[in-house]
Amino acid sequence: MKKTIRDYDLFGKKVIIRVDFNVPIKDNNILDDNRIVMSLDTIKYAIEKGAKVILMSHLGRIKEQSDCNKNSLKIVSERLEQLLNKKVIFINTTRGKELEDAVSNLKNGEVLLMENTRFEDLNGKLESGNDDDLAKYWASLGDIFINDAFGTCHRSHASNVGISSHLDNGIGFLVEKELNSFKLLDNPKRPYTVILGGAKVSDKIGVIENLCKVCDYILVGGGMAYTFLQALSYNIGKSIVDEESIDFCKKMLNNYKDKIILPTDSITSKTIGMNPVLKNNDNFDSDDIGLDIGEKSIEHFIDILKDSNTIVWNGPLGYYENDIYANGTKSILNYLKDSDKIVIIGGGDTAAAAINFGYENAFTHISTGGGASLELLEGKELPGIKIIDEKE
Ligand code: AMP
(Lines give C-alpha, C1' and ligand atoms only; values in the text may rest on other atoms or scores of the structure.)
Protein backbone atom coordinates (compact mmCIF):
# COMPACT_ATOMS: atom_id res chain seq x y z
CA MET A 1 0.00 0.00 0.00
CA LYS A 2 1.29 3.42 -0.94
CA LYS A 3 1.56 6.22 1.59
CA THR A 4 -1.15 8.83 1.29
CA ILE A 5 -1.56 12.41 2.44
CA ARG A 6 -3.32 10.99 5.55
CA ASP A 7 -0.08 9.38 6.70
CA TYR A 8 1.60 12.72 7.44
CA ASP A 9 1.22 15.39 10.07
CA LEU A 10 0.86 18.40 7.79
CA PHE A 11 0.63 21.13 10.44
CA GLY A 12 3.11 23.91 9.67
CA LYS A 13 4.75 21.83 6.92
CA LYS A 14 5.45 23.07 3.42
CA VAL A 15 3.47 20.56 1.38
CA ILE A 16 4.06 20.46 -2.37
CA ILE A 17 1.00 19.04 -4.11
CA ARG A 18 1.39 18.06 -7.77
CA VAL A 19 -2.05 18.60 -9.23
CA ASP A 20 -3.39 18.23 -12.76
CA PHE A 21 -4.62 21.66 -13.81
CA ASN A 22 -4.16 20.87 -17.50
CA VAL A 23 -7.56 22.32 -18.42
CA PRO A 24 -8.77 23.27 -21.91
CA ILE A 25 -8.47 27.04 -22.44
CA LYS A 26 -9.70 29.10 -25.38
CA ASP A 27 -9.48 32.87 -25.78
CA ASN A 28 -8.41 33.20 -22.16
CA ASN A 29 -11.43 31.23 -20.91
CA ILE A 30 -11.37 27.90 -19.12
CA LEU A 31 -13.74 25.68 -21.14
CA ASP A 32 -14.01 22.92 -18.53
CA ASP A 33 -12.80 23.29 -14.93
CA ASN A 34 -13.45 19.66 -13.96
CA ARG A 35 -9.77 18.94 -13.34
CA ILE A 36 -9.51 21.88 -10.92
CA VAL A 37 -12.68 20.76 -9.14
CA MET A 38 -11.34 17.20 -8.84
CA SER A 39 -8.24 18.43 -7.01
CA LEU A 40 -10.14 20.36 -4.35
CA ASP A 41 -10.51 17.53 -1.80
CA THR A 42 -6.78 17.14 -1.39
CA ILE A 43 -6.07 20.88 -1.38
CA LYS A 44 -8.84 21.59 1.18
CA TYR A 45 -7.61 18.75 3.40
CA ALA A 46 -4.08 20.22 3.43
CA ILE A 47 -5.46 23.68 4.21
CA GLU A 48 -7.60 22.34 7.07
CA LYS A 49 -4.63 20.50 8.53
CA GLY A 50 -2.63 23.75 8.64
CA ALA A 51 -0.18 23.02 5.83
CA LYS A 52 1.60 25.68 3.79
CA VAL A 53 0.32 24.52 0.43
CA ILE A 54 2.52 24.79 -2.68
CA LEU A 55 0.74 23.71 -5.86
CA MET A 56 2.51 22.66 -9.04
CA SER A 57 0.98 21.67 -12.39
CA HIS A 58 1.72 21.59 -16.07
CA LEU A 59 -0.56 23.14 -18.69
CA GLY A 60 -0.35 22.25 -22.38
CA ARG A 61 2.92 21.72 -24.20
CA ILE A 62 5.70 24.29 -24.20
CA LYS A 63 7.97 24.15 -27.23
CA GLU A 64 8.75 27.81 -27.83
CA GLN A 65 8.50 31.11 -25.98
CA SER A 66 5.20 31.97 -27.66
CA ASP A 67 3.55 28.89 -26.07
CA CYS A 68 4.10 30.45 -22.63
CA ASN A 69 1.52 33.25 -22.99
CA LYS A 70 -1.35 30.93 -23.82
CA ASN A 71 -0.34 28.35 -21.22
CA SER A 72 0.06 30.45 -18.10
CA LEU A 73 -1.58 29.11 -14.95
CA LYS A 74 -2.61 32.65 -13.91
CA ILE A 75 -6.17 32.18 -15.14
CA VAL A 76 -6.30 28.81 -13.32
CA SER A 77 -5.22 30.49 -10.06
CA GLU A 78 -8.17 32.88 -10.42
CA ARG A 79 -10.63 30.01 -10.95
CA LEU A 80 -9.11 28.10 -8.03
CA GLU A 81 -9.49 31.17 -5.83
CA GLN A 82 -13.24 31.23 -6.65
CA LEU A 83 -13.63 27.51 -6.03
CA LEU A 84 -11.76 27.59 -2.71
CA ASN A 85 -13.22 30.94 -1.76
CA LYS A 86 -9.76 31.80 -0.56
CA LYS A 87 -6.75 33.82 -1.75
CA VAL A 88 -4.33 31.90 -3.96
CA ILE A 89 -0.87 33.43 -4.23
CA PHE A 90 0.18 33.08 -7.87
CA ILE A 91 3.91 33.22 -8.64
CA ASN A 92 4.58 33.74 -12.32
CA THR A 93 7.85 31.87 -12.40
CA THR A 94 9.11 28.34 -11.80
CA ARG A 95 12.30 29.21 -9.93
CA GLY A 96 14.22 32.07 -8.32
CA LYS A 97 14.12 34.50 -5.43
CA GLU A 98 10.53 35.66 -5.84
CA LEU A 99 9.30 32.06 -5.63
CA GLU A 100 11.63 31.18 -2.74
CA ASP A 101 10.63 34.28 -0.75
CA ALA A 102 6.93 33.64 -1.34
CA VAL A 103 7.34 30.05 -0.12
CA SER A 104 9.28 31.21 2.98
CA ASN A 105 6.57 33.75 3.78
CA LEU A 106 3.68 31.28 3.52
CA LYS A 107 1.60 30.99 6.67
CA ASN A 108 -0.20 27.85 7.80
CA GLY A 109 -3.27 27.23 5.64
CA GLU A 110 -2.15 29.55 2.83
CA VAL A 111 -2.04 28.41 -0.79
CA LEU A 112 0.52 29.23 -3.46
CA LEU A 113 0.40 28.21 -7.11
CA MET A 114 3.65 28.25 -9.08
CA GLU A 115 3.70 28.92 -12.84
CA ASN A 116 3.40 26.04 -15.35
CA THR A 117 6.11 23.42 -14.65
CA ARG A 118 6.59 22.93 -18.39
CA PHE A 119 7.98 26.45 -18.77
CA GLU A 120 11.14 24.60 -17.72
CA ASP A 121 10.98 22.65 -21.00
CA LEU A 122 12.16 25.74 -22.86
CA ASN A 123 15.71 25.25 -21.61
CA GLY A 124 16.21 21.69 -22.74
CA LYS A 125 13.14 19.78 -21.57
CA LEU A 126 14.17 19.95 -17.92
CA GLU A 127 10.66 19.16 -16.64
CA SER A 128 9.64 16.50 -19.20
CA GLY A 129 13.14 14.99 -19.19
CA ASN A 130 13.08 14.67 -15.39
CA ASP A 131 16.23 16.74 -14.88
CA ASP A 132 17.59 15.86 -11.45
CA ASP A 133 18.91 19.34 -10.58
CA LEU A 134 15.48 20.81 -11.26
CA ALA A 135 13.79 18.06 -9.24
CA LYS A 136 16.16 18.70 -6.31
CA TYR A 137 15.54 22.42 -6.52
CA TRP A 138 11.76 22.04 -6.48
CA ALA A 139 12.02 19.47 -3.68
CA SER A 140 14.07 22.02 -1.65
CA LEU A 141 10.98 24.26 -1.55
CA GLY A 142 8.94 21.78 0.51
CA ASP A 143 8.94 19.27 3.37
CA ILE A 144 6.49 16.72 1.95
CA PHE A 145 5.46 15.88 -1.62
CA ILE A 146 1.96 14.69 -2.52
CA ASN A 147 1.24 13.40 -6.02
CA ASP A 148 -2.40 13.99 -6.92
CA ALA A 149 -1.98 14.35 -10.69
CA PHE A 150 -3.23 11.01 -11.98
CA GLY A 151 -3.21 12.27 -15.58
CA THR A 152 0.61 12.48 -15.58
CA CYS A 153 1.43 9.40 -13.46
CA HIS A 154 2.42 7.47 -16.60
CA ARG A 155 5.14 10.05 -17.25
CA SER A 156 8.47 10.39 -15.54
CA HIS A 157 8.79 14.12 -15.10
CA ALA A 158 10.75 16.30 -12.66
CA SER A 159 7.54 17.54 -11.02
CA ASN A 160 6.31 14.04 -10.14
CA VAL A 161 8.91 11.25 -10.22
CA GLY A 162 11.80 13.72 -9.77
CA ILE A 163 10.54 15.49 -6.63
CA SER A 164 9.30 12.17 -5.16
CA SER A 165 12.84 10.82 -5.16
CA HIS A 166 14.07 13.71 -2.98
CA LEU A 167 11.24 14.17 -0.44
CA ASP A 168 9.00 12.22 1.89
CA ASN A 169 5.98 11.54 -0.27
CA GLY A 170 2.52 10.11 -0.71
CA ILE A 171 -0.51 10.18 -2.97
CA GLY A 172 -3.52 12.50 -2.74
CA PHE A 173 -7.20 11.56 -2.65
CA LEU A 174 -7.74 11.73 -6.41
CA VAL A 175 -4.88 9.34 -7.20
CA GLU A 176 -5.95 7.07 -4.34
CA LYS A 177 -9.48 6.86 -5.76
CA GLU A 178 -8.17 6.09 -9.25
CA LEU A 179 -5.88 3.31 -8.00
CA ASN A 180 -8.56 1.77 -5.79
CA SER A 181 -10.99 1.72 -8.71
CA PHE A 182 -8.58 0.02 -11.09
CA LYS A 183 -7.69 -2.45 -8.32
CA LEU A 184 -11.25 -3.81 -8.63
CA LEU A 185 -10.07 -5.25 -11.97
CA ASP A 186 -7.29 -7.33 -10.35
CA ASN A 187 -9.82 -9.82 -9.10
CA PRO A 188 -12.95 -9.01 -11.09
CA LYS A 189 -16.40 -10.31 -10.35
CA ARG A 190 -17.13 -12.41 -13.45
CA PRO A 191 -18.20 -12.38 -16.18
CA TYR A 192 -15.72 -9.58 -16.88
CA THR A 193 -16.37 -7.69 -20.10
CA VAL A 194 -14.22 -5.10 -21.82
CA ILE A 195 -15.69 -2.56 -24.24
CA LEU A 196 -13.04 -1.22 -26.58
CA GLY A 197 -13.52 1.51 -29.13
CA GLY A 198 -11.77 4.58 -30.42
CA ALA A 199 -10.01 5.32 -33.64
CA LYS A 200 -7.08 2.97 -33.99
CA VAL A 201 -6.03 -0.55 -33.07
CA SER A 202 -2.36 0.43 -33.08
CA ASP A 203 -2.84 2.79 -30.10
CA LYS A 204 -4.29 -0.04 -28.01
CA ILE A 205 -2.35 -3.17 -28.97
CA GLY A 206 -0.92 -3.53 -25.45
CA VAL A 207 -4.37 -3.10 -23.93
CA ILE A 208 -5.97 -5.66 -26.26
CA GLU A 209 -3.22 -8.21 -25.61
CA ASN A 210 -3.36 -7.79 -21.86
CA LEU A 211 -7.14 -7.69 -21.48
CA CYS A 212 -7.82 -10.60 -23.86
CA LYS A 213 -5.86 -12.78 -21.43
CA VAL A 214 -7.92 -11.86 -18.39
CA CYS A 215 -11.43 -10.89 -19.53
CA ASP A 216 -14.36 -13.08 -20.56
CA TYR A 217 -15.57 -10.91 -23.45
CA ILE A 218 -14.16 -8.02 -25.41
CA LEU A 219 -16.73 -5.99 -27.34
CA VAL A 220 -15.02 -4.08 -30.14
CA GLY A 221 -16.58 -0.96 -31.65
CA GLY A 222 -15.52 2.42 -33.02
CA GLY A 223 -13.00 2.87 -35.78
CA MET A 224 -10.90 -0.04 -34.58
CA ALA A 225 -13.67 -2.54 -35.38
CA TYR A 226 -13.05 -2.05 -39.11
CA THR A 227 -9.46 -3.25 -38.90
CA PHE A 228 -10.76 -6.44 -37.24
CA LEU A 229 -13.47 -6.76 -39.93
CA GLN A 230 -10.87 -6.22 -42.66
CA ALA A 231 -8.82 -9.01 -41.03
CA LEU A 232 -11.88 -11.23 -41.58
CA SER A 233 -11.91 -10.12 -45.25
CA TYR A 234 -15.06 -7.99 -45.10
CA ASN A 235 -15.32 -5.08 -47.51
CA ILE A 236 -15.11 -2.12 -45.11
CA GLY A 237 -15.29 0.54 -47.84
CA LYS A 238 -13.53 3.72 -46.79
CA SER A 239 -13.80 3.12 -43.04
CA ILE A 240 -10.76 3.96 -40.95
CA VAL A 241 -8.27 1.09 -41.06
CA ASP A 242 -4.88 0.37 -39.54
CA GLU A 243 -3.12 -1.58 -42.28
CA GLU A 244 -0.16 -2.39 -40.05
CA SER A 245 -2.40 -3.95 -37.39
CA ILE A 246 -4.30 -6.39 -39.63
CA ASP A 247 -1.96 -9.30 -38.86
CA PHE A 248 -2.24 -8.53 -35.15
CA CYS A 249 -6.06 -8.59 -35.42
CA LYS A 250 -5.93 -11.92 -37.29
CA LYS A 251 -3.78 -13.36 -34.50
CA MET A 252 -6.13 -12.09 -31.79
CA LEU A 253 -9.21 -13.38 -33.63
CA ASN A 254 -7.51 -16.77 -33.93
CA ASN A 255 -6.46 -16.97 -30.29
CA TYR A 256 -9.58 -15.50 -28.74
CA LYS A 257 -12.37 -16.21 -31.23
CA ASP A 258 -14.97 -16.79 -28.52
CA LYS A 259 -14.05 -13.69 -26.56
CA ILE A 260 -13.81 -11.04 -29.27
CA ILE A 261 -17.24 -9.77 -30.32
CA LEU A 262 -17.38 -7.52 -33.38
CA PRO A 263 -20.24 -5.33 -34.64
CA THR A 264 -22.50 -6.97 -37.21
CA ASP A 265 -23.89 -3.71 -38.57
CA SER A 266 -22.88 -0.06 -38.80
CA ILE A 267 -24.18 3.42 -39.45
CA THR A 268 -22.39 4.45 -42.63
CA SER A 269 -22.10 7.58 -44.72
CA LYS A 270 -20.38 8.24 -48.00
CA THR A 271 -19.46 11.74 -46.79
CA ILE A 272 -19.05 12.29 -43.05
CA GLY A 273 -22.08 14.10 -41.66
CA MET A 274 -24.34 13.29 -44.65
CA ASN A 275 -27.11 10.71 -45.19
CA PRO A 276 -26.48 8.08 -42.53
CA VAL A 277 -27.47 4.57 -43.66
CA LEU A 278 -27.61 1.38 -41.57
CA LYS A 279 -25.65 -1.45 -43.23
CA ASN A 280 -24.80 -5.03 -42.37
CA ASN A 281 -21.13 -6.04 -42.48
CA ASP A 282 -21.55 -7.81 -45.83
CA ASN A 283 -23.35 -4.90 -47.44
CA PHE A 284 -20.79 -2.10 -47.55
CA ASP A 285 -20.23 -0.22 -50.81
CA SER A 286 -16.63 0.58 -51.64
CA ASP A 287 -17.20 4.24 -50.72
CA ASP A 288 -19.06 3.65 -47.43
CA ILE A 289 -17.49 4.86 -44.19
CA GLY A 290 -18.51 3.02 -41.02
CA LEU A 291 -19.00 5.65 -38.30
CA ASP A 292 -21.05 4.01 -35.55
CA ILE A 293 -22.21 0.57 -34.50
CA GLY A 294 -25.73 -0.32 -35.70
CA GLU A 295 -28.92 -1.44 -33.91
CA LYS A 296 -28.23 -5.19 -34.04
CA SER A 297 -24.72 -4.67 -32.69
CA ILE A 298 -26.06 -2.51 -29.85
CA GLU A 299 -28.57 -5.23 -28.95
CA HIS A 300 -25.93 -7.94 -29.05
CA PHE A 301 -23.51 -5.89 -26.93
CA ILE A 302 -26.28 -5.22 -24.38
CA ASP A 303 -27.12 -8.95 -24.22
CA ILE A 304 -23.56 -9.68 -23.20
CA LEU A 305 -23.43 -6.75 -20.78
CA LYS A 306 -26.63 -7.97 -19.10
CA ASP A 307 -24.81 -11.07 -17.95
CA SER A 308 -21.59 -9.28 -17.02
CA ASN A 309 -20.68 -8.18 -13.51
CA THR A 310 -17.53 -6.18 -14.15
CA ILE A 311 -17.21 -3.88 -17.15
CA VAL A 312 -14.34 -1.68 -18.22
CA TRP A 313 -14.74 0.64 -21.19
CA ASN A 314 -12.10 2.46 -23.19
CA GLY A 315 -12.84 4.30 -26.43
CA PRO A 316 -16.12 5.56 -27.94
CA LEU A 317 -18.08 3.18 -30.17
CA GLY A 318 -18.45 5.67 -33.00
CA TYR A 319 -17.53 9.13 -34.21
CA TYR A 320 -19.56 10.41 -31.27
CA GLU A 321 -18.54 14.06 -31.64
CA ASN A 322 -21.13 14.19 -34.45
CA ASP A 323 -24.56 13.46 -33.03
CA ILE A 324 -25.53 11.35 -36.07
CA TYR A 325 -22.93 8.79 -35.00
CA ALA A 326 -23.30 9.01 -31.22
CA ASN A 327 -26.15 6.53 -30.82
CA GLY A 328 -23.99 3.45 -30.14
CA THR A 329 -21.97 5.17 -27.42
CA LYS A 330 -25.07 6.82 -25.93
CA SER A 331 -27.15 3.61 -25.95
CA ILE A 332 -24.47 1.63 -24.14
CA LEU A 333 -23.89 4.45 -21.63
CA ASN A 334 -27.61 4.60 -21.08
CA TYR A 335 -27.86 0.85 -20.54
CA LEU A 336 -24.98 0.84 -18.04
CA LYS A 337 -25.97 3.94 -16.07
CA ASP A 338 -26.88 3.46 -12.44
CA SER A 339 -26.50 -0.32 -12.73
CA ASP A 340 -25.28 -2.34 -9.75
CA LYS A 341 -22.46 -3.75 -11.89
CA ILE A 342 -18.92 -2.52 -11.49
CA VAL A 343 -18.47 -0.13 -14.42
CA ILE A 344 -15.15 1.62 -14.93
CA ILE A 345 -14.88 4.16 -17.71
CA GLY A 346 -11.31 4.72 -18.91
CA GLY A 347 -10.24 8.33 -19.34
CA GLY A 348 -9.86 10.41 -22.49
CA ASP A 349 -12.68 10.39 -25.03
CA THR A 350 -14.86 7.82 -23.27
CA ALA A 351 -14.81 9.86 -20.07
CA ALA A 352 -15.51 13.04 -22.06
CA ALA A 353 -18.46 11.34 -23.81
CA ALA A 354 -19.86 10.02 -20.49
CA ILE A 355 -19.61 13.44 -18.85
CA ASN A 356 -20.86 15.43 -21.89
CA PHE A 357 -23.89 13.18 -22.26
CA GLY A 358 -24.76 13.73 -18.57
CA TYR A 359 -23.62 10.48 -16.97
CA GLU A 360 -21.02 12.04 -14.68
CA ASN A 361 -22.16 10.25 -11.51
CA ALA A 362 -23.71 7.16 -13.04
CA PHE A 363 -20.81 4.69 -12.85
CA THR A 364 -18.48 3.09 -10.33
CA HIS A 365 -15.65 5.22 -11.65
CA ILE A 366 -14.82 7.58 -14.52
CA SER A 367 -11.06 7.92 -14.79
CA THR A 368 -9.50 11.36 -15.08
CA GLY A 369 -6.44 10.16 -16.98
CA GLY A 370 -6.53 8.89 -20.57
CA GLY A 371 -2.91 7.79 -21.02
CA ALA A 372 -2.47 6.72 -17.40
CA SER A 373 -5.64 4.59 -17.41
CA LEU A 374 -4.61 2.95 -20.70
CA GLU A 375 -1.25 1.98 -19.19
CA LEU A 376 -2.98 0.51 -16.14
CA LEU A 377 -5.18 -1.52 -18.51
CA GLU A 378 -2.02 -2.67 -20.28
CA GLY A 379 -0.91 -4.07 -16.93
CA LYS A 380 1.95 -1.58 -16.59
CA GLU A 381 3.12 0.06 -13.39
CA LEU A 382 2.94 3.86 -13.53
CA PRO A 383 6.30 5.53 -12.79
CA GLY A 384 4.63 8.36 -10.85
CA ILE A 385 3.13 5.75 -8.50
CA LYS A 386 6.02 3.30 -8.41
CA ILE A 387 8.32 5.91 -6.84
CA ILE A 388 5.89 6.70 -3.98
CA ASP A 389 6.90 5.24 -0.61
CA GLU A 390 5.13 2.13 0.64
CA LYS A 391 3.43 2.20 4.03
CA GLU A 392 5.56 0.50 6.67
P1 AMP B 1 -9.25 7.04 -29.01
O2 AMP B 1 -8.49 8.25 -28.54
O3 AMP B 1 -8.40 6.04 -29.69
O4 AMP B 1 -10.13 6.46 -27.93
O5 AMP B 1 -10.19 7.55 -30.17
C6 AMP B 1 -11.25 8.40 -29.95
C7 AMP B 1 -11.68 8.95 -31.27
O8 AMP B 1 -12.08 7.89 -32.11
C9 AMP B 1 -12.85 9.88 -31.15
O10 AMP B 1 -12.47 11.15 -31.63
C11 AMP B 1 -13.90 9.24 -32.05
O12 AMP B 1 -14.64 10.16 -32.80
C13 AMP B 1 -13.06 8.39 -32.97
N14 AMP B 1 -13.85 7.32 -33.60
C15 AMP B 1 -14.64 6.43 -33.00
N16 AMP B 1 -15.24 5.64 -33.92
C17 AMP B 1 -14.83 6.06 -35.13
C18 AMP B 1 -15.11 5.64 -36.47
N19 AMP B 1 -15.95 4.63 -36.74
N20 AMP B 1 -14.47 6.29 -37.47
C21 AMP B 1 -13.64 7.31 -37.20
N22 AMP B 1 -13.34 7.76 -35.96
C23 AMP B 1 -13.93 7.14 -34.93
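In this predicted model, strand E15, which covers residues 310-314, pairs in the parallel sense with strand E16, residues 342-345, and four bridges hold the pairing between them. Within this pairing, Val312 stands opposite Ile344 of E16. Between the two strands the chain passes through helix H13, made of residues 327-336, and the resulting β-α-β crossover from E15 to E16 is right-handed. On to the next pairing, E16 is also joined to strand E17 (residues 365-366), again in a parallel arrangement, by two bridges. Ile344 takes part here as well, since its bridge partner in E17 is His365. The table sets out the two pairings.

| Strand pair | Sense | Bridges | Residues facing each other |
|---|---|---|---|
| E15 (310-314) and E16 (342-345) | parallel | four | Val312 and Ile344 |
| E16 (342-345) and E17 (365-366) | parallel | two | Ile344 and His365 |

Turning to the chain as a whole, the domain assignment divides the protein into domain 1, residues 5-176, and domain 2, residues 184-377. The centres of domain 1 and domain 2, taken over C-alpha atoms, are separated by 35 Å, and the contact between them draws on seven residues from domain 1 and 10 residues from domain 2.

How much area is buried between domain 1 and domain 2? The value is about 650 Å², and carbon and sulfur atoms give 63% of that area. On the side of domain 1, the residues Asn34, Phe150 and His154 together supply 70% of the area that this domain buries against domain 2, which is more than any other three residues supply. Helix H1, residues 34-38, gives the most to the side of domain 1 that touches domain 2, with three residues.

The interface can also be examined for polar and charged pairs. Between domain 1 and domain 2 the count of salt bridges is zero, and the rule for polar contacts likewise finds zero residue pairs across this interface, where both residues must have pLDDT of 80 or more.

Side chains of opposite charge can pair when their charged atoms come close. For the model the count comes to 23 salt bridges, and one of them is formed by Lys391 with Asp7, whose closest N and O atoms are 3.6 Å apart. Lys391 lies in the segment after helix H16 (383-386), whereas Asp7 lies in the segment before strand E1 (14-18), so this pair ties together parts of the chain that are 384 residues apart in sequence.

Terms used
Residues are numbered from 1 along each chain as its sequence is written. Side-chain values use heavy atoms; hydrogens and water are left out. Two strands pair if DSSP finds at least two bridges between them. A crossover is right-handed if, with the strands pointing away from the viewer, the path from the first strand over the helix to the second runs clockwise. Domain bounds come from an automatic or database domain assignment. Contact means heavy atoms within 4.5 Å. Buried area is the accessible area (1.4 Å probe) that two parts lose on being put together, summed over both. A salt bridge is a side-chain nitrogen of Lys or Arg within 4 Å of a carboxyl oxygen of Asp or Glu. A polar contact is a pair of N or O atoms within 3.5 Å; within protein, one must be able to donate a hydrogen and the other to accept it, and residues adjacent in sequence count only if both atoms are side-chain atoms.
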